[in-house]
Amino acid sequence: SDFSAAGSYVVPATGATEVFLPLLNKENSGYTTWYTVQNMGTEEATVEVIYSDGTTIAPLVIPPFAARNVFQSSESHAQAIFAATLASDQPIRAAVLQEGDGIIFAHTGVALAGSGTIPPPEETQGSAGVNAGTASSETPIFPLVNVNNAGYVTGIQILNGGDESTSVTVSYTPSDAGSACTETRSIAAGTSRTFALAAFASGTSASDCLPGERFIGSAAVTDNSTGQPLTGIVNQLLPGLNGEAYVAFAPEEATNALAMPLIMDRNSGYFTGFSVQHVGGPESVVTCVFSNATYTVSATLGEGEALVDLQQGKIANGYIGSGVCTAANDDTKIVAVINELQLGGTGDQFLVYEGIPLP
């Protein structure tokens, strides 16, 4: 009753029999998570939960199309930060809420690529492809890293969903501010490690990033020594005020066009901003257009580069619409992250969602 908070995520269009939750908490600097698992199958699902810190719980038994909530506050965990793998005999999908004192992060679980995914029911299928943030990859990508920027910090949690340890290098590419740099850490099988946070804050021997430097850009895994399936969660936080999360993207699922279902300009104080990243193929002009508006944004992007734009004060007062970004070259692949923010609001009024690939 004494605060308001908001979070958002894009629902996966498919289910899978193995789903990763890269970032879970219990009393981690005031943050604790809970997650929901939905059975997308036509038969009762038995879901085994494997936590990276060794905690065990009874299997979840979920009727067809129903969901179960799992609260980490009621579990015994040896670590404040951990991950989970969900293994099911029916296709499932999951969503995670990370709650602190007045701040909420939200993100979806990520499927192991090829782990028994199924299409959505025929009557719900549309023309759009699946969300590019719903599957693991050997080289996941992160279109927006926002550090030391008006107080914001970014943490990237990368999970190794494989059966071997691997050395992971993340390369950071500036778009609006900062210097290119890298960070390399070893991740044991079934566990996760934090990237970006210390590298840009106090510095670390695992990185050549400049501590305290303002950085606005993107990131990608550029080396995965043993080729393990990886995925990640990106948390953007303005300490004490607001925060939100998004899921890392699998470049294999990206296309040359994507949809942004909600774009705003001065809508009761809310506006949007996005980062569109080139993740594969030749250099290309990328153009973003918006419904019922003449405003457009375009840039020529090479691989790893990103187009960043804020819509505040640029489209129309009170604007609520949508956007589509397209690479002129059909062989160029792009992904996007969209931020929603209310200026002058009370509590956590920051939301983020992933762009949706178009065929």
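This section describes aromatic pairs, one strand with its neighbours, and the internal cavities of a predicted model.

Across the whole structure, 9 aromatic pairs were found. In one of these, the ring centres of Y172 and F215 lie 6.3 Å apart and the planes meet at 85 degrees; the pair is therefore edge-to-face, since the angle is over 60 degrees. Y172 belongs to strand β11 (residues 166–177) and F215 to strand β14 (residues 215–224), so the contact ties together parts that are 43 residues apart in sequence. Y172 has a relative accessible area of 1% and is buried. F215 is likewise buried, at 0% relative accessibility. Ring pairs also bring in F200, which forms a cluster with Y172 and F215.

A pair with another geometry is formed by F290 and Y295, whose rings are stacked, with 5.6 Å from centre to centre and 25 degrees between the planes. Both F290 and Y295 are buried.

Strand β22 (residues 319–327) has two unlike faces, one covered and one uncovered. The covered face carries Y319, G321, G323, C325 and A327, while I320, S322, V324 and T326 are on the uncovered face. In a regular strand, side chains alternate between the two faces of the sheet. Strand β22 is paired with strand β17 (residues 257–265), to which it runs antiparallel, through 7 bridges. Within this pairing, I263 has G321 of β22 as its bridge partner. Strand β19 (residues 284–290) also pairs with β22 in the antiparallel sense, over 5 bridges. Here C288 is matched with C325 of β22 as bridge partner.

The structure contains 2 cavities of 30 Å³ or more. The largest cavity encloses about 70 Å³ of space. Its lining consists of 12 residues, and those closest to the centre are P12, T14, I92, G109 and A111. Strands β1 (16–25), β6 (81–99) and β8 (110–111) each contribute at least two residues to this lining, with the largest share, 3 residues, coming from β6. By class, the lining of the largest cavity comprises 7 nonpolar, 4 polar and 1 charged residues.

The second largest cavity has a volume of about 30 Å³. Of the 10 residues that line the second largest cavity, L258, I334, V335, G355 and P357 lie nearest its centre. Strands β17 and β23 (333–342) each supply at least two lining residues, and β23 gives the most, with 3 residues. The lining of the second largest cavity divides into 8 nonpolar and 2 polar residues, with no charged residue. Strand β17 thus appears both as a partner of β22 and in the lining of the second largest cavity.

Methods:
Residues are numbered from 1 along each chain as its sequence is written. This is a predicted model: local features need pLDDT of at least 70, side-chain atom pairs count only at pLDDT 80 or more; totals for chains, interfaces and linings use all residues. Side-chain values use heavy atoms; hydrogens and water are left out. Rings of Phe, Tyr and Trp (its six-membered ring) pair if their centres lie within 6.5 Å; planes under 30 degrees apart count as stacked, over 60 as edge-to-face and the rest as tilted. Helices (H or I, at least four residues) and strands (E, at least two) are DSSP runs, numbered from the N terminus. Buried means under 20% relative accessible area, exposed over 50%, partly exposed in between (1.4 Å probe, protein chains only). Two strands pair if DSSP finds at least two bridges between them. On a 1 Å grid over the protein atoms alone, a cavity is a set of points where a 1.4 Å probe fits but cannot get out, and a pocket is an open set with protein on both sides within 12 Å along at least five of seven lines; lining residues have an atom within 4 Å of a point. Grid points are joined across faces, edges and corners, and a volume is the space filled by probe spheres set on the points. Ala, Val, Leu, Ile, Met, Phe, Trp, Tyr, Cys and Pro count as nonpolar, Asp, Glu, Lys and Arg as charged, and the others, Gly among them, as polar.
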